[in-house]
Amino acid sequence: DPPTGTSANVIYDFDKLDVVPSPKEGLNKFREKLTKVVRYPEAAMKADIQGVVELKFIVLANGVLEGIRVDRKLGGGLDEEAIRALKQLNSPWNAGKYQGKAVSSHYTLPVSFKLD
């Protein structure tokens with residue numbers, strides 16, 4: 001392992017990047033696909049839980065997502081469903097860039113849950 005503090009193990013904050021990470025197919029297409037794989041949990045439907053689950057993860061310099069966790073919870077199984085759907089998509093990402101180099105960085109993804 002490289003010593004602490006080298007660029008190899010630094011994880012950049014989103015606002016420090018020159019180019020932010022993004023799904024390779026584009027954010028709109030990615031969101032469409034995510035919406036299609038999300039299944040509204042029965043418990044959340046019955047309890048009429050709606051809103052936004054915020055997922056936080058790291059987009060590694062190679063575009064792989066790591067450390068997916070819930071940053072803002074809704075409950076009713078929606079938090080777990082947001083994570084499951086993101087993992088199921090397994091979409092390739094473009095890494096964020098800092099000074100022209102691909103770097104690992106934090107990313108926050110809102111996942112909306114709305115009942116018709």
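Here are some notes on the strands, salt bridges and one helix of this predicted model.

1. Start with strand E3, which covers residues 51-59. On one side of the pairing list is strand E7 (residues 101-113): the two run antiparallel and share nine bridges. If you want a spot to look at, find Val59, which sits opposite Ser105 in E7.

2. E3 also pairs with strand E4 (residues 65-72), again in the antiparallel sense, through five bridges. Leu55 is a handy marker here, since Val70 in E4 is its bridge partner.

3. What links E3 and E4? They make a hairpin, with five residues between the two strands. Look for Gly63 in that turn: its phi is positive, at about 90°.

4. The hairpin strands are also joined through side chains. Glu54 and Arg72 form a salt bridge, with N and O 2.7 Å apart. Because Glu54 belongs to strand E3 and Arg72 to strand E4, this pair ties together parts that lie 18 residues apart in sequence. Is Glu54 buried or exposed? Glu54 counts as buried, at 18% relative accessibility, as the cut-off for buried is under 20%. Arg72, on the other hand, is partly exposed, with a relative accessible area of 41%.

5. How many salt bridges are there in the model? The count is five. One of them, besides the Glu54 pair, joins Lys33 and Glu25, whose closest N and O atoms are 2.9 Å apart. Lys33 is partly exposed at 33% relative accessibility, and Glu25 is partly exposed too, at 27%.

6. Another salt bridge brings together the side chains of Lys16 and Asp15, at 3.9 Å from N to O. That is within the 4 Å cut-off used for a salt bridge. Asp15 is exposed, its relative accessible area being 61%.

7. Now for helix H3, residues 78-89. Its twelve residues, at 1.5 Å a residue, should span 16 Å, and the C-alpha atoms at its ends are indeed 16 Å apart, so the expected and modelled spans agree. Just after the helix comes Asn90, which has a positive phi near 50°.

8. Which residues of H3 are buried? They are Leu78, Asp79, Glu81, Ala82, Ile83, Ala85, Leu86 and Leu89. Several steps in that list make sense because residues three or four places apart in an α-helix point the same way, with 3.6 residues a turn.

9. Finally, what do the buried residues of H3 pack against? Their partners are helix H1 (27-37), helix H2 (42-46) and the strands E3, E4 and E7. That brings us back to the strands of the opening points: E3 pairs with E7 and with E4.

How values were computed. Residues are numbered from 1 along each chain as its sequence is written. This is a predicted model: local features need pLDDT of at least 70, side-chain atom pairs count only at pLDDT 80 or more; totals for chains, interfaces and linings use all residues. Side-chain values use heavy atoms; hydrogens and water are left out. Two strands pair if DSSP finds at least two bridges between them. Helices (H or I, at least four residues) and strands (E, at least two) are DSSP runs, numbered from the N terminus. Buried means under 20% relative accessible area, exposed over 50%, partly exposed in between (1.4 Å probe, protein chains only). The expected span of a helix is 1.5 Å times one less than its number of residues. Contact means heavy atoms within 4.5 Å.
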